[in-house]
Amino acid sequence: MKMTGARILIESLLKEGVDTIFGFPGGVVLPIYDVLYDSPLKHVLVRHEQGAVHMADGYARASGRPGVVVVTSGPGATNTVTGIATAYMDSIPVVVFTGQVPTALIGNDAFQEADIVGITRPCTKHNYLVKDIKELTKTIKEAFHVATTGRPGPVLVDLPKDVLIAMAEFKYPAAAELPGYQPKYKGHGGQVKKAMARILKARKPVIYAGGGVILSDAAPELKTLAEKLHIPVTTTLMGMGGFPGTHSLYMGMLGMHGTYAANMAVTNTDCLIAIGARFDDRVTGKIDEFAPYATIIHIDIDPTSISKNVEVDVPIVGDVKGILREMGKILPKQKELKEHEKELQPWLKEVKKWERTHKLSYKPGKKGVLKPQYVVEKLYELTKGNAIITTEVGQNQMWAAQFFKFKKPRTFLSSGGLGTMGYGLPAAIGAQVAFPKKTVIDIAGDGSIQMNIQEMATAVQYKLPVKVAILNNRYLGMVRQWQEFFYDKRYSHTCMGKLPDFVKLAEAYGGVGLRASKPEEVEAVIKKALKVTDRPVLMDFVVAPEEGVYPMVPTGEPLNKMLLV
Amino acid sequence: MRHTISVLVSNEFGVLSKISGLFSGRGFNIESLCVAETLDPEVSRMTIVTRGDDKVIEQITKQLNKLVSVLKVHDLTAEEHIGRELALIKVSVAAENRAEVLSIVDIFRAKVVDVSPRSYTIETTGDEQKLRAIVELLRPFGIKEVARTGRIALSRSHRAKQGK
Ligand SMILES: Cc1ncc(C[n+]2csc(CCOP(=O)(O)OP(=O)(O)O)c2C)c(N)n1
């Protein structure tokens with residue numbers, strides 16, 4: 001049967017198993033919206049296209065399925081760029097469909113024309129301009145394939161209006177044919193053996209796990225390996241939840257705001273096993289002094305991340321899950337493992353000592369003063385950790401990572417690579433769409449929340465009970481903290497002079513607004529918020545304005561030069 | 001060190017900008033880049049001359065390989081290969097030095113492809129050294145314009161390399 005390009009698009013999405021798209025209409029994509037009118041696809045009407053991409057991204061991070069976006073040409077398309085760049089940096093599978101002016105007008109500075117393929121080239125895994133309806137299904141198939149395989153990432157497909165209204169036979173290809181794109185999943189057997197030998201020889205091993213563990217759903221394999229070999233584990237921000245936050249082998253996050261134990265362990269380890277992590281500068285601190293005594297084993301699906309920042313001794317390119325399974329198969333016998341455990345005792349004791357002497361902590365506030373860390377602790381306690389947490393960027397993000405314990409993968413969603421303020425609320429909405437029954441909380445700053453606060457309206461419209469916990473310090477807190485340390489407390493333009501009344505604002509949108517300014521009010525507010533099931537809740541926690549995030553490794557310093565509480 | 005990298009890419013919309021953008025976005029240096037269709041009209045060959053230490057070159061080849069449109073990346077530097085560049089040189093000639101210019105053209109096995117009352121346009125191919133030498137020899141006569149292609153190269157291995 002012949003169909004229009006727009007109908008082919010929707011039918012293709014259904015073939016791909018898509019159930020929800022996040023979008024915002026406009027002239028060029030009207031043919032798509034007309035088909036949507038009576039299609040079974042759920043469409044979430046956002047308030048800003050950046051929000052649409054973060055929602056699709058949150059949906060993808062929480063569910064493991066690709067997130068899908070439809071927006072119009074020109075400004076609709078350019079508004080997606082920050083969202084796309086965010087997904088790109090964190091390797092999140094998102095497919096963005098943008099409208100484009102008719103092919104005959106491309107390049108003519110037509111109304112609402114933007115070269116979105118050119119603009120997004122550096123921040124997409126791949127992108128396409130469909131110039132002929134004959135290419136449409138093939139391109140969509142490829143887009144989903146590229147977005148979700150290998151190292152995942154965002155893919156953009158630009159759809160000129162004439163392609164959307166042209167007619168063609170609908171035949172969806174069974175598979176994508178991309179000779180130049182053949183991700184390597186299976187790790188090299190010899191390298192896997194070599195790695196295992198090195199690990200067994202080590203006396204001070206450390207696992208450093210990143211977002212790749214979560215992306216490849218390798219948390220169970222990681223847990224098995226760490227437990228069998230008694231290796232302490234640290235994760236990056238992106239790796240949170242990839243290893244249970246409550247496990248006795250877990251040392252917490254490493255890096256700039258990592259725990260003392262994790263950073264000391266990495267500095268002293270003789271064998272660092274990096275798994276789905278990319279040695280980001282926020283993690284390594286001064287690179288020459290990162291894990292200076294270690295043999296480095298690096299498992300990653302992306303060959304470009306191997307030996308990019310740090311020289312690696314045993315590289316293994318491939319899918320983390322499969323490789324960890326292979327390693328699991330060549331473990332020594334029970335008796336030897338017992339022996340091995342004994343040999344590691346001094347190291348495990350040392351790690352425990354670091355943990356004991358330098359716990360993550362903060363000074364409780366003077367009477368009546370609310371500390372932001374306390375709010376996060378209470379959120380953890382009252383949800384019993386059963387929540388999906390998203391964050392904005394800044395101190396709120398770090399406190400969320402430090403004081404909430406993530407037991408499962410896909411429960412901590414945060415913009416790690418790009419550090420995008422305004423990510424948390426739309427990402428929370430996307431996660432809530434994927435899991436309508438779960439508790440989803442955005443831990444936010446008063447600055448960040450204002451970057452995409454308009455999405456409150458989206459949450460209200462679709463009765464999504466996302467919770468926002470604003471750690472309201474009346475500052476762009478993290479930047480203020482840097483000014484405090486490195487610029488002599490000259491707080492240049494980081495004080496949010498005028499803030500809206502967040503409670504009234506929530507109510508104006510049709511959500512619930514709550515406030516706590518004293519420690520004793522926190523519990524009641526959170527409990528009340530958790531009971532709301534049919535609309536968003538904004539909790540305004542008025543916290544100590546000049547609280548800092550500790551520990552902190554100043555930029556350019558090695559990990560063991562930490563400023564402690 | 002200087003490297004000659006041969007890249008086979010799908011001949012599709014925007015592929016050149018994907019490659020050149022990779023270089024500019026990551027701060028890699030391009031000395032020259034030539035591109036044209038191969039025998040297969042769906043595949044183009046790019047010859048890229050670039051400079052960097054081993055680590056940089058490793059990143060360049062890995063990053064190129066990672067692009068979806070890239071079919072094959074081949075660093076020719078370490079193996080035997082043939083590299084050529086083409087130049088068109090427009091040189092002033094007065095009646096008294098025509099013979100001398102022609103003898104230079106002859107020595108270099110170049111060709112005069114256009115003649116005007118006051119100039120010759122000379123076509124020459126070769127490696128970079130040869131092109132530099134001929135330009136230097138012609139310079140005293142007054143070079144009006146030069147157009148050069150940048151390097152194209154093929155491995156001397158008899159096997160055509162397919163796939164990544
Ligand atoms: C879009 C964007 N602009 C600027 C920054 C730089 N930045 C990083 S943290 C931060 C402060 C965030 O303030 P707030 O949201 O109030 O959070 P807090 O640190 O106080 O918890 C800023 C401005 C950023 N990360 N993203």
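In this predicted model, A:His257 has a set of partners that lie further than four places from it in sequence, for it is in contact with A:Met398, A:Gln402, A:Met478, A:Gln481, A:Val549, A:Pro551 and A:Met552. The residue itself is found in a loop of chain A, the one between strand S11, which covers 250-253, and helix H12, which covers 260-268. One of the partners, A:Pro551, also takes part in a polar pairing, since its backbone oxygen lies 3.0 Å from a polar atom of the side chain of A:His257. A:His257 has a relative accessible area of 5%, and because this value is under 20%, the residue counts as buried.

From this loop we can turn to the empty space inside the protein. Rolling a probe the size of a water molecule over the atoms shows where such space is left. With a threshold of 30 Å³ or more, the count comes to one cavity, and the largest cavity has a volume of about 130 Å³.

Which residues line the largest cavity? They are A:Arg61, A:Asp90, A:Ile92, A:Gly211, A:Ile214, A:Leu215, A:Met238, A:Met240, A:Arg410, A:Thr411, A:Phe412 and A:Leu413. Two elements of chain A, helix H10 (211-215) and strand S16 (412-413), are those that give two or more residues to this lining, and the largest share, three residues, comes from H10(A). When the lining of the largest cavity is sorted by class, it has seven nonpolar residues, together with two polar and three charged ones.

Key. Residues numbered from 1 in each chain as written. Chains lettered and ligands numbered in written order. Predicted model: local features only at pLDDT ≥ 70, side-chain atom pairs only at ≥ 80, totals over all residues. Heavy atoms only, no water. 1 Å grid on protein atoms, 1.4 Å probe; cavity = no way out; pocket = protein on both sides within 12 Å on 5 of 7 lines; lining within 4 Å. Points joined across faces, edges and corners; volume = space filled by probe spheres on them. Helix = DSSP H or I, 4+ residues; strand = E, 2+ residues; numbered from the N terminus. Nonpolar A, V, L, I, M, F, W, Y, C, P; charged D, E, K, R; others polar. Buried < 20%, exposed > 50% of the residue type's maximum accessible area, 1.4 Å probe, protein only. Polar contact = N/O pair within 3.5 Å; in protein donor to acceptor, adjacent residues only side chain to side chain. Contact = heavy atoms within 4.5 Å.
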